[in-house]
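Let's take a walk through this structure together, one stop at a time. Have the sequence and the 3D view ready.

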Amino acid sequence: MLLSIETSCDETALCLSKIDYSANSYKKTLENINEEVIASQIKLHKIYGGVVPELAAREHTKNLPLLFEQLVKDKSKLKAIAVTTGPGLKGCLLIGLSFAKAVAQSLKIPLIPVNHLEGHFFSGFLQTKEEQPEYPILTLLVSGGHTMLFVAKSPQDFELIAKTRDDAAGEAFDKGATLLGLPYPGGPSLSKRAELGQLGKFEFPVSMQKDDSSFSFSGLKTALSRKVEKTDKQDYNDLAASYQEAIVKSLLIKCIAAIKKNKPKSFLLTGGVAANQRLRDVLKEKIEEHGVKFVVTPRKWCTDNAAMISVVAQYKIGLEPQRYESFKYLDNSANSIGVDVENSITVKPRWPIFNSAFNLALD
Ligand code: KG4
Ligand code: ZN
């Protein structure tokens, strides 16, 4: 079994899955998932209106051993452990990595570092073969920390098309919700209000229309704060609907431009904001009009989770099956895979997926 751990922000998530050593077995992770557990910290951070990094790290310290006990009934079955090592909150990443190292060293099993953004990308494969994306995949990754559009030509070759200049799409939702007096986390609460509102009553600027390589959401937020001052509370649902629509539109414009230019086989919508129903509906309709297969990560795996970490780990295992199948942990040897790999793995709070040295290397 493979144990995967995700603690890069405010969710402590663990996933147990059956290891498949064959090539491209990452596409079969869904059927190999045994069980997942997740401890959400929403209640804790709600009173502060956002994630407090120190509190999040303390919660991970508390939650990890409890969730581990709950999930892992037989430690001898664990043959590898995967953990998010970046990007994310440094303190939170460190807690996850330290825990994973301790488990790996005590059980003498390999430790696989995973990039969180790759996790969001690979989560698109947590569905049936027919529903999975096909390369080249134009991917819109929208979360609380990132907004990026890229083409995945293969599981190892990502080309950036556009990214945000300022706020991430999730931040636009979260900050918008705060302005409207809605509770944290802002995405779900703002979209609920938007569903009750009517479109077309307020106008918002759709930013960066001419620049295909940038998103920008800070202007929208400023526009909302001005409108909030002049609007009665009873019209807040309509305001939320128009604000959400402006976010959706600014994402859509770039996606369509990129489809025309890059001619991908499929389009993948993923990350926490991909849970948004309006975004899913609008993108699906418009993207299918261009004859491109529209794929979205199943809602339960849009926001941070450990199943997506196991898909990446499973991909790495499929690339080098012998390395993992015949893993020997040799104590006190600087050259042994075990000691060497585990000691050299560190957290990378900033870890882009677009540099030439692809992250799937074990360093
Ligand atoms: O992927 P994620 O869990 O964490 C990061 O890696 O950042 O994304 C969290 C973000 C938050 O900004 C949250 O407000 C947003 O995803 N989100 C949503 C919805 N559900 C979560 N935004 C819009 N509509 C939703 N239904
Ligand atoms: Zn995330």
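In which loop does Pro133 lie? Look between α5 and β6, the latter running over residues 137-142: that loop is where Pro133 sits. Before going on, keep in mind that this is a predicted model. Pro133 has a relative accessibility of 4%, so it counts as buried, given that the cut-off for buried is under 20%. Now find Val296. Along the sequence, Pro133 and Val296 are 163 residues apart, yet their C-alpha atoms are 8.7 Å apart in space.

Next, head for the metal. The zinc ion, which is ligand 2, is held by NE2 of His116, NE2 of His120 and an OD atom of Asp304, at 2.0 to 2.1 Å. Written as a pattern along the chain, these donor residues read H-x3-H-x183-D. His116 belongs to helix α5, which covers residues 116-122, whereas Asp304 is in the loop between β11 (293-296) and α11 (307-319), so the two tie together parts of the chain that are 188 residues apart in sequence.

What about the geometry here? The four donor atoms around the zinc ion subtend angles of 95 to 136°, and that makes the arrangement irregular. Why does it miss out on being called tetrahedral? Four donors get that label only if all angles lie between 85 and 135 degrees, and the range around this zinc ion goes up to 136°. For orientation, the ideal angle for four tetrahedral donors is 109.5 degrees. Are the zinc-binding residues His116 and Asp304 buried or exposed? His116 is buried, with a relative accessible area of 7%, and Asp304 is buried too, at 16%.

Asp304 also leads us to ligand 1, since one of its backbone N or O atoms lies 3.0 Å from an oxygen atom of that ligand. Two more spots to check are Gly145, where a polar backbone atom is 3.2 Å from an oxygen of ligand 1, and Ser143, where an N or O atom of the side chain is 3.4 Å from a ligand oxygen. How much of ligand 1 does the protein cover? On its own, the ligand has 560 Å² of accessible area, and the protein covers 87% of that.

Zoom out a little and you'll find 18 residues surrounding ligand 1, with Gly144, Asp174, Gly187, Asn276 and Asp304 the closest. Sorted by class, this shell has five nonpolar, eleven polar and two charged residues. Three helices, α5, α6 (169-179) and α7 (186-196), each supply at least two residues of the shell.

While you're at α7, pick out Ser191, which lies in that helix. Its relative accessibility is 13%, so Ser191 counts as buried. A polar atom of the Ser191 side chain lies 3.1 Å from the backbone oxygen of Pro188.

Another serine worth a look is Ser216, in the loop between β9 (214-215) and α8 (218-230). Ser216 is buried, with a relative accessible area of 10%, and its side chain makes a polar contact of 2.7 Å with the side chain of Asp166.

For the last stop, go back to the loop between β11 and α11, where you'll find Cys302. Its relative accessibility is 0%, so Cys302 counts as buried. Ala274 is 28 residues from Cys302 in sequence, and the two are 6.1 Å apart in space, C-alpha to C-alpha.

How values were computed
Residues numbered from 1 in each chain as written. Chains lettered and ligands numbered in written order. Predicted model: local features only at pLDDT ≥ 70, side-chain atom pairs only at ≥ 80, totals over all residues. Heavy atoms only, no water. Donors = N, O, S within 2.8 Å, 3.2 Å for Na, K, Ca; no water. Tetrahedral: all angles 85-135°; square planar, octahedral: opposite > 155°, others 65-115°. Helix = DSSP H or I, 4+ residues; strand = E, 2+ residues; numbered from the N terminus. Buried < 20%, exposed > 50% of the residue type's maximum accessible area, 1.4 Å probe, protein only. Near = heavy atom within 4 Å. Polar contact = N/O pair within 3.5 Å; in protein donor to acceptor, adjacent residues only side chain to side chain. Areas by Shrake-Rupley, 256 points an atom, 1.4 Å probe, with all protein chains shown as cover. Nonpolar A, V, L, I, M, F, W, Y, C, P; charged D, E, K, R; others polar.
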